[in-house]
Amino acid sequence: MPSVSDLVDPAFRLFTVADVTARYLALIFLVIGIIGFFTTKANSRRSIRYRGMMFGAAAALVAILGMHAFYDLIAFIMSGTGFLPSGWPYGASGTSGLLPIAQAASGMLSYLGLACFSLGAALWAGGSRYGRTSTRGYRGVTWGLVMIGVSMGGTLFSAIAGIYGL
């Protein structure tokens with residue numbers, strides 16, 4: 001059976017690619033929104049669309065950076081004090097039973113959820129109100145948040161299992 005880190009590493013690589021892509025997409029949409037907003041003063045419908053793209057891209061960047069800061073804060077709080085075993089949450093040594101499976105599932109879901117959330121936020125910002133891109137972005141944000149929530153549950157399960165020796 002592969003180790004926990006063998007299962008989590010591909011998801012982390014996918015997350016890295018998706019995160020960089022989402023940040024650049026959001027920056028591109030922000031620049032397009034700013035340029036379009038200031039150049040289309042005569043057409044009010046276009047001006048409103050570009051204003052929405054500008055604010056949506058800024059909100060996507062804030063959400064992406066905020067989600068990363070939240071995850072870093074949680075990791076620091078849980079592992080920075082020596083409360084949990086070394087290598088937690090993805091690869092505590094000397095464990096058996098359900099704990100490695102929970103750690104691997106939690107690690108994969110957290111990285112896949114962050115990737116879906118990041119790309120979804122960027123696509124949601126760039127799409128029109130009821131367009132296909134906006135709908136797919138909304139679904140990406142929703143699925144990303146669901147995966148992150150399930151990952152947090154798996155993280156809590158692994159922490160409780162590590163404390164009580166399950």
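Is Phe15 buried or exposed? Let's work up to that and a few other exercises together.

This is a predicted model, in which local features need pLDDT of at least 70, side-chain atom pairs count only at pLDDT 80 or more, and totals for chains, interfaces and linings use all residues. Residues are numbered from 1 along each chain as its sequence is written, and side-chain values use heavy atoms, with hydrogens and water left out.

**Exercise 1. Place Phe15 and its ring partner.**

Step 1: Start with the scale, where buried means under 20% relative accessible area, exposed over 50%, and partly exposed in between (1.4 Å probe, protein chains only). With 8% relative accessibility, Phe15 is buried. Phe12, at 37%, is partly exposed.

Step 2: Now apply the ring rule: rings of Phe, Tyr and Trp (its six-membered ring) pair if their centres lie within 6.5 Å, and planes under 30 degrees apart count as stacked, over 60 as edge-to-face and the rest as tilted. That rule gives five aromatic pairs. One of them joins Phe12 and Phe15, with centres 6.1 Å apart and planes at 45 degrees, a tilted pair.

Step 3: Look at the backbone. Both residues sit in helix H1 (residues 4–39), and because they are three residues apart, about one helical turn separates them. Ring pairs also bring in Tyr111, which forms a cluster with Phe12 and Phe15.

**Exercise 2. Describe the pair formed by Trp124 and Tyr138.**

Step 1: Check the geometry: the centres are 5.1 Å apart and the planes meet at 75 degrees, so by the ring rule the pair is edge-to-face.

Step 2: Locate the partners. Trp124 belongs to helix H3 (residues 99–126) and Tyr138 to helix H4 (residues 132–164), 14 residues apart, and the pair links distant parts of the chain.

Step 3: Read the accessibility. Trp124 is partly exposed at 39%, and Tyr138 is partly exposed at 46%.

**Exercise 3. Outline the fold and its core.**

Step 1: Count the elements, using DSSP runs numbered from the N terminus (helices: H or I, at least four residues; strands: E, at least two). The chain has four helices and zero strands.

Step 2: Find the largest nonpolar core, a set of buried Ala, Val, Leu, Ile, Met, Phe, Trp, Tyr and Cys residues joined through side-chain atoms within 4.5 Å. It holds 28 residues, and Leu114 and Ile148 touch the most other members. H1, helix H2 (44–79), H3 and H4 each supply at least two residues, with the largest share, 10 residues, coming from H1.

Step 3: Zoom in on Leu114, where contact means heavy atoms within 4.5 Å. Setting aside neighbours within four places in sequence, Leu114 is in contact with Phe15, Met67, Tyr71 and Ile148.

**Exercise 4. Find the salt bridge.**

Step 1: Search for a side-chain nitrogen of Lys or Arg within 4 Å of a carboxyl oxygen of Asp or Glu. The count is one salt bridge.

Step 2: Name the partners: the side chains of Asp19 and Arg23 meet at 3.4 Å, N to O. Both lie in helix H1, four residues apart, about one turn of the helix.

Step 3: Asp19 is buried at 10% relative accessible area, while Arg23 is partly exposed at 29%.

**Exercise 5. Judge the confidence.**

Step 1: Use pLDDT, the predictor's confidence in each residue, from 0 to 100. The chain's mean is 78, and 80% of its residues reach 70 or more.

Step 2: Where pLDDT is low, the predicted coordinates should not be read in detail.
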